[in-house]
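Thanks for coming, everyone. I would like to walk through one model today, beginning with how its chains are arranged and then turning to the DNA.

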2 protein chains.
Amino acid sequence: MTEQARGPRRPGGHGSDRGRPRDPEMDRMILDATIALLAEVGYVGLTVAEVARRAGVSKPAVYRRWAQKSQLVVEAMVTQMRPDVATGDRGVAEDLRALIGELIDLLSRTPLGRVLPGLVAEMAADPALAASYRELIIGPNQRRWRAAVDRGIARGELSADTDVDAVVNALAGPVYFGVLITGEPISADYPRTAVDLVLARYGTQDGQDRPPSSPTHTEEVRE
Amino acid sequence: MTEQARGPRRPGGHGSDRGRPRDPEMDRMILDATIALLAEVGYVGLTVAEVARRAGVSKPAVYRRWAQKSQLVVEAMVTQMRPDVATGDRGVAEDLRALIGELIDLLSRTPLGRVLPGLVAEMAADPALAASYRELIIGPNQRRWRAAVDRGIARGELSADTDVDAVVNALAGPVYFGVLITGEPISADYPRTAVDLVLARYGTQDGQDRPPSSPTHTEEVRE
DNA sequence: TTGTTACGTTACGGTCAGGATCGTAAAAGA
DNA sequence: TCTTTTACGATCCTGACCGTAACGTAACAA
């Protein structure tokens, strides 16, 4: 999916084997130009004509590959999405803190933060786009988060009846809320305080990687 | 604020006392048409020309009152914002559950839900609009939520060092996250489970307005 | 070669925001 | 009553920008 069933085919899979093949170089040039431009002007300010100009390519060449501006942007963002924290061996608390930190980074240090608002608007008007976005961007991340929670449950760090989705939403929701709605910067403490919140409700004694101790802070380090 | 310093003045306060006064009826007609149209086609689908047509008014008449489409929409949404739950005498838990329920209602049963995505995109590109939105829509709500938390602290239901903003974000964030990003409907249980989460971390013994009855469990309150 | 497809160039069609003009209507002040 | 000021409708216009359509040419496959 994400492929066929549409006029312009996807970069990798050209429509037919006959005729002149697409220049694969162009795919990259266009995506790179898109990323660079998104970082500068955000989603709303991005125009396909300017992307084409920067990529040294014609506008129809762009539309041959991506039917809509919004699809181009989603695929460009996908290229930016490589997980940069490993999870699995440090206990739920540490894993979740790392994932939250990664999300904050993704939204504040890559163009995704500048792109998200515009993309949210398009998604609301274009269900197909929303599906792609959720599948390609949200989905993979959500699976990693869920896996971390699941491991916590399996290890007995979290109680057996923990509502996995509720935990994921409780941790990720406020981050998006800050970026999209309030505009207030996310506190550097957030990964820690958010995880504390969840552990207070769903944690077990085993899971205590540290005393529920004083709220204000904890000696603990990130690492 | 929100007033002067701009060509088109606001409905109530005309620019000058001389000359033909604005027809106040028109203000309402335009706002009503805006609300109705937003409910049908959402923010992106809304055009000023169509608003004018439905209101039985000319397009310039709209632009005399609101300099931009986005400002018109914000003010139209403000007219939809009347608190419909009272808070204050039932304990923090009940108050917060009511506020969450009200927010979910607002986003799912008024046009605000259809408007928010588009507005979020505009806000990202227009700081002045973002400021109005936060002041007129987010602000008043946030104050009510904070007040509820503050009362909880004052009554000893919440611990004295509770981070008020963190609590508000933790409760409201996931709601926006669901509406804007995942698109998944918000669970009917959410008001209850979310408040339980917060109480597990920040609640005190006094605050038990009901047995942790275990929706699922958790006997305890932390500390 | 012949057919098929990609490419650049150029030119459109269409939609919409936001502004300008102009003639007219409604008010305030002299 | 006359003048000034502003609102109003109707109409037109500019400027973006999305997304397509032609057309001629280049690069492949059979």
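If we take chain A and rotate it by 180 degrees, with 0.0 Å of shift along the axis, it superposes on chain B with an RMSD of 0.1 Å. The two copies are thus related as by a two-fold rotation axis, and I should say at once that this is a predicted model. To find that axis on your screens, look for A:Gly173, which of the residues of chain A comes closest to it, with its C-alpha at 2.3 Å. As for how the copies meet, 89% of the interface residues of chain A are also interface residues in chain B, so the two meet through the same surface.

Now to the DNA, and to strand C: which residues come nearest to it? Among the 30 residues around DNA strand C, those are A:Gly19, A:Arg20, A:Ser58, A:Ala61 and B:Arg20. The largest share of this surface, four residues, is supplied by helix 3 of chain A, while helix 2 and helix 3 of chain B each supply at least two. By class, the surface near strand C holds eleven nonpolar, eight polar and eleven charged residues.

DNA strand D is surrounded by 30 residues, of which A:Arg20, B:Gly19, B:Arg20, B:Asp23 and B:Ala61 are the closest. Here two or more residues come from each of helix 2 and helix 3 of chain A, and from helix 3 of chain B, with the last of these, helix 3 of chain B, giving the largest share, four residues. The surface near strand D divides into eleven nonpolar, eight polar and eleven charged residues.

Notes. Residues are numbered from 1 along each chain as its sequence is written. Chains are lettered from A and ligands numbered from 1 in the order in which they are written. This is a predicted model: local features need pLDDT of at least 70, side-chain atom pairs count only at pLDDT 80 or more; totals for chains, interfaces and linings use all residues. A residue is near a molecule or strand if its C-beta atom, placed from the backbone, lies within 6 Å of it. Ala, Val, Leu, Ile, Met, Phe, Trp, Tyr, Cys and Pro count as nonpolar, Asp, Glu, Lys and Arg as charged, and the others, Gly among them, as polar. Copies are superposed by least squares on the C-alpha atoms of residues with pLDDT of at least 70 in both. Two residues are in contact if their C-beta atoms, placed from the backbone, lie within 7 Å.
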